[in-house]
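User: I would like to go through this model and test each term against its cut-off. Where shall we start?

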Amino acid sequence: MSEQRRFCLILDRLRSAHNTGNIFRIAEAVGASEIIACGYTPAPPHPKLEKTAMGTDKLVPCRVFSSAAEAVVQLRKEGYQMILAAEPGSDEDFAWKKSYRFPLAVIMGNEALGVSDDALELCDGKVSLPMAGSKASINVGNAAAAIAYAIIAVTGSTFDKGDRP
């Protein structure tokens, strides 16, 4: 497995098993190596997640950590070169304007609370999507898809799936 293209999604305190299941489908589609569920994020096995994931919860490995900060510390030990928080940011934080280093992880935060402060402090920066509307908010699964595909577009190919099927 080439560590150069490894990509994972860290889910920080997502409440909805449906959103989590949707993100499993996204992770499988782009070739992400794993999903890391943190805090109260639903993780497999979970009936609502399984229904929305449509079998991808059995294809994409999932680890569980008590907090996103704990997950970031562990990924650093595993050699992750860049860990970004999906958060509102400036123009240079837009997903298609960043330079990425692999292995790469992106933290997707709670839709109301964002990425937890302790995890945010450990990140290498932010990655964001432009928000022209007055609410400046989209569904976390939609944001995960847009960011993952933007990273693929910027870097020129899909990710290394790691040890998963």
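**Terms put to the test**

Analyst: Start with one bridge: A86 has V127 in strand 6 as its bridge partner. Keep in mind that this is a predicted model.

User: What makes strand 4 and strand 6 a pair?

Analyst: A pair needs at least two bridges. Strand 4 and strand 6 have three bridges, in the parallel sense. The term therefore applies to them.

User: What is the strand order of the open sheet?

Analyst: Its six strands run in the order 3-2-1-5-4-6, with parallel pairing.

User: Why do strand 3 and strand 6 count as standing at the edges?

Analyst: Strand 3 (62-65) and strand 6 (125-127) each have a single partner strand, so one side of each lacks a neighbour in the sheet. As for twist, neighbouring strands in this sheet are turned by 30° against each other on average, ignoring direction.

User: How do you know that strand 1 pairs with strand 5?

Analyst: Six parallel bridges join strand 1 and strand 5. The requirement is at least two, so they pair. Within that pairing, L11 stands opposite M108 of strand 5.

User: How many bridges join strand 1 to strand 2?

Analyst: Five, and these two strands run parallel. L11 appears here too, with A37 of strand 2 as its bridge partner.

User: What makes strand 1 mostly covered?

Analyst: Six of its six residues are buried. Buried requires under 20% relative accessible area. F7, L9 and L11 point one way; C8, I10 and D12 point the other way; all are buried.

User: Which strands does helix 1 lie across?

Analyst: Helix 1 (residues 17-30) lies across strand 1, strand 2 (34-38) and strand 3. Its direction is at about 170° to strand 1. Helix 5 lies across strand 1, strand 4, strand 5 and strand 6, at about 160° to strand 5.

User: How do you know that the span of helix 1 agrees with the expected value?

Analyst: The expected span is 1.5 Å times one less than the number of residues. For the 14 residues of helix 1 that gives 20 Å, and the end C-alpha atoms are 20 Å apart, so the two agree.

User: Which residues of helix 1 are buried?

Analyst: A17, N19, T20, G21, I23, F24, I26, A27 and V30. Their cover includes strand 1, strand 2, helix 2 (47-53), strand 3 and helix 5.

User: How many aromatic pairs are there?

Analyst: The count is three aromatic pairs. Ring centres must lie within 6.5 Å to qualify.

User: Why is the pair of F7 and F159 called stacked?

Analyst: The ring centres are 4.3 Å apart and the planes meet at 25°. Stacked needs planes under 30 degrees apart, so the label fits. F7 is in strand 1 (residues 7-12) and F159 in the segment after helix 5 (140-155), so the pair ties together parts 152 residues apart in sequence. Both F7 and F159 are buried.

User: What makes the pair of F102 and F159 tilted?

Analyst: The centres are 6.0 Å apart, with 50° between the planes. Stacked is under 30 degrees and edge-to-face over 60; 50° meets neither limit, so the pair is tilted. F102 lies in the loop between strand 4 (82-86) and strand 5 (104-109), F159 in the segment after helix 5, 57 residues apart. F102 is buried. F7, F102 and F159 make up one aromatic cluster.

User: How do you know that the charged end of R5 sits over the ring of F102?

Analyst: The charged end of R5 is 4.5 Å from the ring centre. The distance limit is within 6 Å, and the direction must be within 35 degrees of the ring normal. The charged end of R15 likewise sits over the ring of Y40, 4.5 Å from its centre.

User: Why is the peptide bond from F102 to P103 called cis?

Analyst: Omega is near -5° for the F102 to P103 bond. A cis bond also joins P44 and P45, with omega about -5°. P45 is in the loop between strand 2 and helix 2.

User: Is R13 buried or exposed?

Analyst: Its relative accessible area is 19% and buried means under 20%, so R13 is buried. R13 has phi near 60°, a positive value in a residue other than glycine. It sits in the loop between strand 1 and helix 1.

User: Why does M54 count as exposed?

Analyst: Relative accessibility of M54 is 60% and exposed means over 50%, so the term holds. M54 is not a glycine, yet its phi is positive, about 50°. M54 lies in the loop between helix 2 and strand 3.

Terms used:
Residues numbered from 1 in each chain as written. Predicted model: local features only at pLDDT ≥ 70, side-chain atom pairs only at ≥ 80, totals over all residues. Heavy atoms only, no water. Helix = DSSP H or I, 4+ residues; strand = E, 2+ residues; numbered from the N terminus. Buried < 20%, exposed > 50% of the residue type's maximum accessible area, 1.4 Å probe, protein only. Axes fitted to C-alpha atoms, helices over the stretch in contact; angles between N-to-C directions. Contact = heavy atoms within 4.5 Å.
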